[in-house]
Each structure stands twice: as structure tokens, then as C-alpha cells.
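Reader: I would like to learn how to read a few features of a model, one at a time. Could you take me through them with the structure in view?

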Amino acid sequence: MITLITSKFQDERPDFTLLQDFEQYCAHHSTWRSKQGPLLFSPAMLSSRFYKVLHLTSRPFFKAYKMKGAFISLGLPYRNYLFSKNYPYFTFDCDLRVLWTYDVWEPRYQEVENLVRESGTNLLLLSSLQATEYFRNLGIPDCAVHWVPETVNTDAYRYKPWAERRIDILSFGRSYLEYHNKIVAGCEFLGIEYRYQERTNAKDVATQWVKTPDYQFPTEQDFIDGLADAKICICFPRSLTHPKLAGNVSTLTLRYLQAMASKCLVVGATPYDAEKIFGYNPIVEVDWSNPMEQIVHILKNPEAYQELIERNYKFVCENLHYRNALTVIDKLANKYLAPDAVIK
């Protein structure tokens, strides 16, 4: 038996909303049993600490009871959140404890390793290829490590014909100031519609709290409409935009997939694992010799890029939909639940 532990947050930050969306998709499109974790009331940091303490104090008693089957947790590789959102299911002993997650960056490797060991995770599934290779080489006892890239629910996104899109360039979430500074004045001078999220080098708006009125798109529907209305999406991996936070980890994140699911042309830099996933380079690499001229050329010659846009869209729909991740996770969980399975 496989049990998915679903989250419940009183928090509408995009990362929490998207995590719950993925959980609900898995719950409704699999044979897994679902168990809801406790309500992480607002402020989430306070409630997560409360349940983590509850986990630690009750663990000596709960560990005496072994629950059959696998328990799966998705996302949030942070100590407080992992033990609180999965309480009490990660407190009991079980046959297989599974964690699929993202946000495993090089500066956090030691922290995540400690978390994997403390939680007794037996099957660690990571969205980054580089992180997967690192953790696999650690040889953590009774812990198998596999690569399961991020996916997107393409059914939730929509698109318009190129000629009907009103936003020429869109940069959402984290952005790369070095590139932004090279095109912003030129876009203004030429009347090119360029929309972006204000940010600084000290704050990564893709992962840190921004009050709702300051969001570029205040609601999920606003965001979906904005992507459908954009011709070009600017995407750079975190290893370029915030190297101190990412270290050497360069991975294909959800922003790339959201843009492709909306049939935007993605311009920026190719993450380390993107070509290994797609089998080709899905990104139009920035021409650093003259970034502004490149933008003008794309906007004047969109037909030259339509094949790439359609190819990316088809690939994401067929290979990077939620159902693809669900299938892989289910297959791996059942493999390691088998009586003769060896976890290593």
C-alpha cells in the first residue's frame, strides 16, 4: 500500500499553492491512499515549529508502531516543514519512506543530508540531476536516490497566437539583473512592451515572501493570463541569478515549463540538465554581444522560432506533465516495496 501525505496551508504563496496542486493531482489520478497532514495555520513558520516539536516529543512512543507500506511526501526539504506537514505519518516507522523534492542547492547539501538521515528517508527523489548525482555518491545507508525532474500541469495553462499577444517580453519570478540592465533602456526607447518583477541581488522573489500587492501577478489566473499574453519569456537558472544560494546546481525549474506550456519563446540560459531531459536545447541562448539586437530580431522574425515553440510545447505536454512524475514515483515506490528489494 502506498500513502500520499497531502499538505494543508493557510498560506497562498505560489510555491505552497503549486505544491498542493501537484499533491491533489497525484491523489486523484493514482491508486494511492491519501492522508492529510495537520493544518499549518498562519503564520506557517510558527505552526511548523509547533508540529516539529510535537513530532520530536512523540517519536519515541510512535516508533514502536510500524505501519505497512510506503509513505510519500512531496516538496519542502526543510526540517520544520518536513516533520510538521507529514505529522504523524513520518513519526511512525514504516516499510518505505519516500521524499520527492526540489530546492536542493549546493549550499544546502549538508542540511538536506542531515534531514534525509534524521527522517529515515529510504527513497530520495530529486528534481536536479546534479543534486541526484551528489546524494547518490554519498551512499547513505538504506536510501536509494533517483532523478525525477519537475513537471507541470499543462492542462492549467493556455496560449494565444503570437500576433495577438500584447506583452513582448516577460520576466517573472527571479530575474538576472545583468541581462535586465542590458535591455531595459532599449525596450523603453523602442516601445517594446517589457514586463518584469522588481528585485534586488539580495532578495530572490521566486522563493522568498513578497506581500500580495507587490506581486507582478496577484492571482493565479492573472499569472496564467499574463503568460498566455507574452511572446518571449526570459529565464535564467538560479546558479546565474543567485549563485550564493544555488552554488553549482543549475537545473530546469518550473518557470521554464510554465513558459513552454503557454507557448512562449524562452530566451536566457540553458540549465545543466535541460538538454539531457529534452534531447535538444529548448532555450534560445542570449547573444551577449548584442542582447537588444537579438530581441529586435526575434520580434521582427517570429516565424523563425515557431518550430521551436511548438516542439517545446509538445515535449512538455507529453513528457513533463504531472502524470509523468506520478508514473515514475509510483513505479519506484512499488519497486522498493517488493519483498526482495534491496535499497542502496
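Reader: Let me begin with one residue: does Ser128 count as buried or exposed, and what is its relative accessibility?

Author: Please keep in mind that this is a predicted model. A residue counts as buried when its relative accessible area is under 20%, and Ser128, at 4% relative accessibility, therefore counts as buried. In the chain, Ser128 sits in the loop that lies between strand E5 (123–126) and helix H5 (129–138).

Reader: What does the side chain of Ser128 reach, and at what distance?

Author: The side chain of Ser128 reaches the backbone nitrogen of Gln130, and the distance is 3.3 Å.

Reader: Turning to cysteines, how many disulfides does the count come to?

Author: The idea is to look at the distance between two cysteine sulfur atoms, which must lie within 2.5 Å to count as a disulfide, and by this rule the count comes to zero disulfides.

Reader: Why does Cys235 form no bond with the closest cysteine sulfur?

Author: The closest cysteine sulfur to that of Cys235 belongs to Cys233, and because the two are 5.7 Å apart, they are too far for a bond. For Cys26 the closest cysteine sulfur is in Cys317, at 18 Å, which is also too far for a bond. As for their surroundings, Cys26 is buried, with a relative accessible area of 0%, and Cys235 is buried, likewise with a relative accessible area of 0%.

Reader: How does one look for empty space inside a model, and how many cavities of 30 Å³ or more are there here?

Author: Rolling a probe the size of a water molecule over the atoms shows where empty space is left. Here the count comes to one cavity of 30 Å³ or more, and the space in the largest cavity is about 30 Å³.

Reader: Which residues line the largest cavity?

Author: Its lining is made up of Ser171, Arg174, Ser175, Tyr176, Ile234, Cys235, Phe236, Thr241 and Arg255, so Cys235, described above as buried, is one of the lining residues. Sorted by class, the lining of the largest cavity holds four nonpolar, three polar and two charged residues.

Reader: Finally, in what order do the strands of the five-stranded open sheet lie?

Author: A sheet is read strand by strand across its pairings, and in this open sheet the order is E8-E7-E9-E10-E11, with parallel pairing. Strand E8 (194–196) and strand E11 (284–285) are the edge strands, each pairing on one side only. Strand E10 (residues 265–268) runs parallel to E11 and is joined to E11 by two bridges, and Gly268 has Glu285 in E11 as its bridge partner.

How values were computed. Residues numbered from 1 in each chain as written. Predicted model: local features only at pLDDT ≥ 70, side-chain atom pairs only at ≥ 80, totals over all residues. Heavy atoms only, no water. Buried < 20%, exposed > 50% of the residue type's maximum accessible area, 1.4 Å probe, protein only. 1 Å grid on protein atoms, 1.4 Å probe; cavity = no way out; pocket = protein on both sides within 12 Å on 5 of 7 lines; lining within 4 Å. Points joined across faces, edges and corners; volume = space filled by probe spheres on them. Nonpolar A, V, L, I, M, F, W, Y, C, P; charged D, E, K, R; others polar. Pairing = 2+ DSSP bridges. Helix = DSSP H or I, 4+ residues; strand = E, 2+ residues; numbered from the N terminus. Polar contact = N/O pair within 3.5 Å; in protein donor to acceptor, adjacent residues only side chain to side chain.
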